[in-house]
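Here's a quick back-and-forth on how some labels get attached to a structure. Grab a coffee and have a look at the model first.

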Amino acid sequence: MRPPVATYRIQFNPGFGFRAARSIVDYLADLGVTDLYASPIFEARPGSPHGYDVTDPNRLNPELGGEAEFESLVSDLQNKGMGWLQDIVPNHMAFSPGNRMLMDVFESGPGSAYYRFFDIDWDHYYPGLQGRVMTPFLGGPYGETLSDGLIRLVYNENGFSITYYDWVFPLSLDSYSDLLEPAAEGSPILQILEALKSARGSADGAEAIFQAKQDLWKRCQEDTGVREAVDAAVQSHTPEPGEPENLRRLDRLISRQFFRLAFWKRAGEEINYRRFFQINDLICLRAEDEAVFAHTHTLLLNLVREGKITGLRVDHVDGLADPAGYLRRLRSEAEDAFLVVEKILETDEEIPASWPIQGTTGYEFLNRVNGVLCRRENGERFERIYREFTGLEEPLDHLILRHRIDVLENHLAGEMDNLAFRFKGVTARNRFGSDFSYRRLRKALSTIIARFPVYRSYLNPGPIRDTDRRRIDATIDKAKTDGPDLAPEIDFIHRVLLREFDDPSLSAPDPEWQALVAKFQQLTAPLAAKGFEDTTLYVYNRLLSLNDVGGDPAEFGCSPAEFDEFNRRKIEGWPHGMNATATHDTKRGEDVRARITVLSEIPGQWEERLHRWRELNRPLKTLEEGREIPDAEESYLLYQTLLGSYPFDDHEADQYVARIQDYFIKALREAERHSSWIDSDENYEQACTGFVERLLDRSEDNPFLKDFLPFQNKIAFYGMINSLSQTLIKISAPGIPDFYQGTELWDLSLVDPDNRRPVDFAKRRIYLEEIQNGGDGDRLGLIRLLLSSPRDGRIKLFLIHQALKARNAHPELFATGGYLPLEVRGGLKNHLIAFARTSEDRWAMTAAPRFAVDLAAEGEFPLGPEVWGDTEIILPIDSPLRWKNVLTDEYLEDGAPMPAGVLLKHFPAAFCISEDNL
């Protein structure tokens with residue numbers, strides 16, 4: 001297995017495909033990146049901006065350029081010695097007409113080779129869903145939509161289908177007989193119908209069906225009788241005024257299909273297929289099934305075996321029925337691949353040690369490095385400021401629980417019902433649970449699931465991990481405390497989960513127990529995502545930089561000791577896990593977070609501005625029935641967002657207003673306080689977007705901007721220092737540094753789709769060439785130039801380039817080297833993060849400032865002895881005596897102790913390699 005030195009995430013889309021990626025290979029190599037990290041590249045829904053809506057996992061996405069361009073890109077990377085880390089989506093596919101496997105199921109039903117590929121409950125307890133998959137894509141109730149003539153029967157070269165706008169659902173093959181048999185006698189149609197019947201279940205069924213439908217289409221063009229029979233069938237099912245029987249015929253025809261058309265809002269209330277979270281048009285797979293795994297991974301594994309793909313990133317591993325089993329199978333097929341999983345870990349949570357992977361994609365690092373830059377001692381003061389300004393009284397843990405329960409009852413109610421009915425089936429056969437009603441079982445389950453503290457447990461037929469047992473025991477105790485009247489049902493569920501019955505059907509390896517527990521675990525994960533990340537993190541806004549994927553807003557930062565402990569654990573268990581600071585899933589760009597974190601240093605100034613802006617901007621708000629729009633909570637979120645994301649370049653101002661308006665609408669809908677994705681309040685949203693427009697009006701008489709911009713400039717300046725520290729720590733700490741596209745300059749993006757905007761690689765290439773060629777050998781002169789104009793981001797690019805160059809020169813030191821926290825002494829000891837990486841006689845040392853507001857005046861970087869005074873880094877007795885600062889090209893002699901003022905004399909961070917290693 002070859003671990004990357006550094007990865008660079010590319011978001012492929014129709015506007016940036018394989019050919020475009022080829023144009024940046026040289027740039028990435030020069031930057032120091034060793035592995036291209038690609039978003040999904042397999043065929044997806046047309047125009048997909050992200051590739052997670054896969055329609056065919058065994059075909060490269062033609063919108064990205066197809067096979068020839070892919071091969072050329074691979075060749076370019078290999079010529080540079082670079083690898084390819086591929087994001088894969090084993091959990092779900094697009095529920096769309098382009099999903100040929102699913103469409104084959106609609107045509108052939110149980111006769112389809114793919115009938116059991118999708119996680120569909122064909123034996124659902126609702127009669128209307130038995131033998132049919134819910135298809136919730138109608139804009140209104142089915143009956144009304146049908147009567148309005150929006151659902152139609154059509155015929156073309158692809159055969160008969162039911163259409164609704166762009167949705168196309170092929171008819172079952174039995175329907176061909178229903179439609180055409182009356183005219184089949186003595187006609188070529190009879191032969192075609194026989195061919196369709198015999199095609200089902202045959203080895204080449206899909207091809208035989210295709211040929212039969214093509215034959216029918218050809219006959220329609222050549223034989224008037226056949227064409228008239230087809231036209232008559234369509235006409236008799238086309239509703240027309242005064243022809244109610246046509247409507248009834250069409251309704252009966254639809255009722256005999258393997259799909260059941262439904263209003264899209266109904267999916268939250270009843271559903272018989274597993275969705276990706278609550279997204280209707282993403283249908284989940286049974287990846288645990290060997291046949292499903294083999295089929296959906298054929299092309300991928302061929303590319304791995306051919307050495308074209310060298311690493312795999314498994315998306316949403318917690319959505320799989322058996323993550324450990326899936327990963328073992330994937331590892332056995334891709335023995336030498338670098339393998340990481342997209343996994344959100346709580347603060348005290350560890351990856352299961354048995355997983356055959358290198359680690360996670362790095363959300364936990366993202367939150368730790370941001371936390372160590374956050375001034376923890378100001379947490380209580382921030383809490384007071386936040387609650388006094390917004391009027392929020394509800395404790396955070398109550399808020400989280402309320403949101404989780406709301407999501408279970410309003411977004412995942414159908415999934416909750418399905419799980420409860422499964423448990424009811426189990427209890428009915430067990431003497432200890434035979435008296436439990438469905439209603440009480442469902443309530444007990446929701447009480448447990450709503451309180452589950454992590455994304456999921458990992459129960460499987462093997463021994464139960466102590467971690468899972470303790471976590472389940474603790475959750476059960478909480479559930480019984482909150483629902484004491486449900487104690488018998490809760491205890492029964494507890495015993496089922498932990499296999500404490502002597503009943504063979506309630507213990508491993510019984511398939512029914514496995515399926516039951518898998519469904520339980522597959523429900524806790526989307527609940528955590530929707531009930532916390534996509535709701536609470538938009539409602540509890542004390543300090544937005546703490547509200548990101550995998551974060552805990554209750555923790556106001558982390559101490560250096562906690563950060564050191566995190567790094568030690570990473571070295572011991574997952575040294576090749578990734579270090580991310582921005583991903584396509586993060587809620588704000590890495591430098592937006594770095595800026596907002598500056599507020600933790602100046603709570604008094606933040607409070608003063610909040611109250612001033614409230615008075616200044618009250619006339620700009622909409623007043624409706626005595627309430628201000630936006631309200632105090634939304635204003636608090638908005639002001640932080642503006643401070644974090646306001647652009648350096650004035651030319652971006654017009655675009656910025658629209659971006660903030662789009663972001664604000666998304667934030668309102670995610671919070672679900674005054675609007676939502678299901679029931680949006682357009683009037684409220686327009687009042688909020690109007691407020692943004694007035695707030696950011698750049699006319700001379702806008703008192704808010706006059707007051708805001710000086711304060712924002714201050715936040716932006718100190719945010720740059722935070723960003724430089726964050727970037728250097730990411731590169732030098734244990735783990736693989738990962739760079740999201742475009743973040744080598746200041747990353748002021750917001751949540752997707754804002755963070756998928758096109759990247760100006762031409763500008764970055766020019767900047768990098770200037771850095772490589774700049775200074776005419778005068779490194780310090782180049783640094784002075786870059787520090788004199790930091791707003792363009794070249795200083796960050798310089799840091800990345802120099803630090804990655806050093807990391808590439810000493811790969812083993814950073815891949816396998818130990819982690820050694822370094823003691824800092826002196827008056828500013830709390831303002832410096834310092835650690836070493838060691839491997840035998842090889843050493844690297846990192847020093848990164850924090851809490852810079854107290855170190856230097858605005859506009860002045862914290863440099864030299866006059867800033868750092870007596871602050872010094874204490875090195876071990878056996879540490880090297882001579883170092884080279886790879887950022888400044890300076891040699892440092894006899895560094896025990898190392899004065900911070902010397903180390904940080906010319907650049908506001910230091911990255912040193914012991915001279916013996918140069």
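Q: What counts as a helix here, and where does E693 sit?
A: A helix is a DSSP run of H or I with at least four residues, numbered from the N terminus. E693 is found in helix 27, which covers residues 682–695. Keep in mind that this is a predicted model.

Q: Why is E693 called exposed?
A: The label exposed needs over 50% relative accessible area. E693 comes in at 51%, so exposed it is.

Q: What makes E693 part of a charged patch, and which residues join in?
A: Glu and Asp count as negative, and like charges in a patch are joined within 9 Å. E693, D697, E700 and D701 gather into such a patch of negative charge on the surface.

Q: How do you know that C558 is in no disulfide?
A: A disulfide needs two cysteine sulfur atoms within 2.5 Å. The structure holds zero disulfides. For C558, the nearest cysteine sulfur belongs to C374 and is 8.8 Å away, so the pair misses the 2.5 Å cut-off.

Q: Is C558 buried or exposed, and why?
A: Buried means under 20% relative accessible area. C558 has 7%, so it's buried. C688 gets the buried label too, because its value is 0%.

Q: What makes E107 and K213 a salt bridge?
A: The rule asks for a side-chain nitrogen of Lys or Arg within 4 Å of a carboxyl oxygen of Asp or Glu. For E107 and K213 the N to O distance is 2.5 Å, so the pair qualifies. This bridge links distant parts of the chain: E107 is in helix 4 (residues 100–108) and K213 in helix 8 (residues 205–222), 106 residues apart. By that rule the count comes to 78 salt bridges.

Q: Why are E107 and K213 called buried?
A: E107 has 7% relative accessibility, so it counts as buried. K213 counts as buried because it has 11%.

Q: How do you know that K265 and D679 form a salt bridge?
A: Their closest N and O atoms are 2.8 Å apart, so they pass the 4 Å test. K265 and D679 are 414 residues apart, both in loops: K265 between strand 11 (259–263) and strand 12 (275–276), D679 between helix 26 (653–671) and helix 27.

Q: Why is K265 called partly exposed, and what about D679?
A: Partly exposed lies between the 20% and 50% cut-offs. K265 has 24%, so it's partly exposed. D679, at 49%, is partly exposed too.

Definitions and conventions
Residues numbered from 1 in each chain as written. Predicted model: local features only at pLDDT ≥ 70, side-chain atom pairs only at ≥ 80, totals over all residues. Heavy atoms only, no water. Patch = residues over 30% accessible without salt bridge, like charges linked within 9 Å, V, L, I, M, F, W, Y side chains within 5 Å. Areas by Shrake-Rupley, 256 points an atom, 1.4 Å probe, with all protein chains shown as cover. Charge placed at Lys NZ, Arg CZ, Asp CG, Glu CD. Helix = DSSP H or I, 4+ residues; strand = E, 2+ residues; numbered from the N terminus. Buried < 20%, exposed > 50% of the residue type's maximum accessible area, 1.4 Å probe, protein only.
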